[in-house]
Amino acid sequence: MVFKSIKLCFRSDTFSCQCIVYFAAWVHGDPRKVVYPTDSYGQFCGQTDTLNEKKTILFYFNILKCASPLVLINLQCPTTQLCVSKCPDRFATYIDVQASYRYKPDQWNYFRQFCKPGFNNPRKVVLRDEDCPSMIIPSRPFLKRCFPDFSTKNGVLTVANQTTFKDGRGKTRNVTDLREAANGINNVLDARSVGMKIFEDYAISWYWILIALFFAMMLSLLFLVLLRFTAGVLFWIFIFGVIGIIGYGIWHCYWEYDHLKGIPGSDLTVYDIGFQTDFKVYLQLRQTWLAFMVILCGVEVIIILMLIFLRNRIRIAIALLKEGSRAIGYIMSTLFYPIVTFLLIAICISYWAVTAVFLATSGEPVYKVMANQTLCKYANLTCDPETFNTTNVTKLCPGAQCTFAFYGGESLYHKYIFIFQLANAFVFLWLVNFAIALGQCTLAGAFASYYWAYRKPADIPLWPLFSSFGRAIRYHTGSLAFGALILAIVQLIRVILEYLDHKLKGTQNSFTRFLLCCLKCCFWCLEKFLKFINRNAYIMIAIYGKNFCTSAKEAFFLLMRNVVRVAVLDKVTDFLLFLGKILVAGGVGVLAFFFFTQRIPVFAEEVPMLNYYWVPLLTVIIGSYLVAHGFFSVYAMCVDTLFLCFCEDLERNDGSTAKPYFMSASLHRILGKKKLSPKKAVG
């Protein structure tokens, strides 16, 4: 039934395809394969209502056969694996226990818990790790598997303070025989120790981290409010600062140029000395400083000319930034909408992750022949544990066993798992883009209702954010989904190109690598362009309620008719918002640094004792930046919406009584348009 649905999938909508993927994953998948380790019989360790319910840890009969910890974690170690309730805590060998079981039964009772279930014959000769391990060594559980209890004593690797152990075959071996596995295991255990300390730091300092993030939220809100008064000041300070720095650079280049006058060799040209690896050689030439001075003069002139010819557009951009701050002041609820987008994206990620896990674990148990003889021709071949003892494999390869190897399969369904994973990734991208599009359209609708209010704030509708969200859900779902679909297709192609690039990284074909690089660059540019088009199309959808294609076309041509204003507004907005993020994250980070390092006397007694002070400090800095980004993303959407509304206002209205402008008084004065009508002036 599943495979018939696959064929029908290409003739139905993508939602049906995702339902098929979801159905196949849940029918065939089994997340227990990830949660629980699996023994040599394909049984889960620690699974409830089974014989292994209280045996939660996986034990390896002969860990010396495991080359590295990765082999252990991937369940591909060529030795018998058994579920046990606890790891061994002592050294012991089967030969020693066998020799003393009559007068030391406690040792045998302890040792046999690591043997196969039901085995209770200490007189039997076991030399191939068939029924019992030939040796046990002190271990501790990690990742629900028994790892040797390695430690370092005076720079020497030990296990339970011993450097040697008996291997159960009459030989005394050194702990360094496990060095290949020990190195990787020790790194993992060290990482685990660091992880536990980091967790402890979070458990102690979470209260202060939340306070810092709340402070970052208040700073972000304050910055947005102050932009109404400081946007122009901040921008012009930055511009004149850049002009001043470039001017100093011009003076310094002239000073160096004049200072080198008369010095032997300084009048040589770059062509005369040729290519030099030491860049200081070029700094001894007058021609170098002359070139620097000419370049800086050119940049200075370009900036000054741009300021002269674009001064009105810069004033419009600053006025729109101030208007955006005023709009957010009237619709404060929009600042908290990113929480809704975050929750929707979190649901999408959870859905994708669960489906991916079910798909990844939808294989059937695969058993392979494990033979101690290297010349056994049946080694590593698949086998059936139910009929294995009736075959002649055990006769040709004494000691061979049919043990669980991994999960997989060769059926038609398993051949399509990669396609299912690809479809799951595609729908994940689609849903995430839809959640983002819904947020952009909702915010655009709220801010558009502010701009087109004839008298502000009297004509602003009640609950503009909730009204806009309702309209987006009720009327614009299809348009938003279509825009998200186009973007998701491009993103999926980029994912496939990255996958191909990773697979072909070792190839010697230069043309293939060049072609992939070009394709990756082209689709990256295409994705950026589509994000820009989609964002403005959603604004037009929120304003006029037209379909996606019509809105995208009208938005694109509207922006092209105002391309210079778009460029100026974009750069001014990016600069101010980036400055705001740096100020918020940097300010809160500095305060957190002084607090956690006990440099604020008032709070010295309140500072918790931590293992790593950088843990809460880094969390506060990154968290503050993300909080500021969330607030400022709403502000950026507000400015973009007001700009499109402003451009529409200019084209559709003429300032007359019949067609009055809806723009603010400051924008009206900058443009020098007709005088506002009395009714508008009151607003």
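Let me start with Cys-441, which in this predicted model has a relative accessibility of 1% and therefore counts as buried, since the cut-off for that word is under 20% relative accessible area. Compare Cys-525, which at 39% relative accessibility counts as partly exposed. Does Cys-525 stand bonded or unbonded to Cys-521? The closest cysteine sulfur to that of Cys-525 is the one in Cys-521, and because the two are 4.4 Å apart, they are too far from each other for a bond.

That brings me to the cysteines that are bonded, and here the structure holds four disulfides, of which I will go through some in turn.

One of them is formed by Cys-45 and Cys-83, with 1.9 Å between their sulfur atoms. This pair links distant parts of the chain, 38 residues apart, given that Cys-45 sits in the loop between helix H3 and S1 while Cys-83 belongs to strand S2. The torsion about their S-S bond is about -80 degrees, so this disulfide is left-handed, and both Cys-45 and Cys-83 are buried.

Another joins Cys-87 and Cys-146, whose sulfur atoms are 2.1 Å apart. Here too distant parts of the chain are linked, with Cys-87 in the loop between S2 and strand S3, and Cys-146 in strand S6, 59 residues apart. The link of Cys-87 and Cys-146 is left-handed, with -95 degrees about the S-S bond, and both of these cysteines are buried.

The disulfide between Cys-383 and Cys-402 has an S to S distance of 2.1 Å. Because Cys-383 lies in strand S12 and Cys-402 in strand S13, this pair ties together parts that are 19 residues apart in sequence. Its handedness is right-handed, with 100 degrees about the S-S bond, and Cys-383 and Cys-402 are both buried.

Now let me return to strand S2, residues 81–84, which pairs with S1 in the antiparallel sense over four bridges. Within that pairing, Cys-83 in S2 stands opposite Leu-58. In a regular strand, the side chains alternate between the two faces of the sheet. In strand S1, Ile-57 and Phe-59 lie on one side, Leu-58 and Tyr-60 lie on the other, and all of them are buried, which leaves both faces covered.

Finally, please look at helix H14, residues 417–451, which has 35 residues and reaches 51 Å from its first C-alpha to its last, close to the 51 Å expected at 1.5 Å a residue. Of those 35 residues, 27 are buried, so H14 is largely enclosed by the rest of the structure.

Technical notes
Residues numbered from 1 in each chain as written. Predicted model: local features only at pLDDT ≥ 70, side-chain atom pairs only at ≥ 80, totals over all residues. Heavy atoms only, no water. Buried < 20%, exposed > 50% of the residue type's maximum accessible area, 1.4 Å probe, protein only. Helix = DSSP H or I, 4+ residues; strand = E, 2+ residues; numbered from the N terminus. Pairing = 2+ DSSP bridges. Expected span 1.5 Å × (residues − 1). Disulfide = S-S within 2.5 Å.
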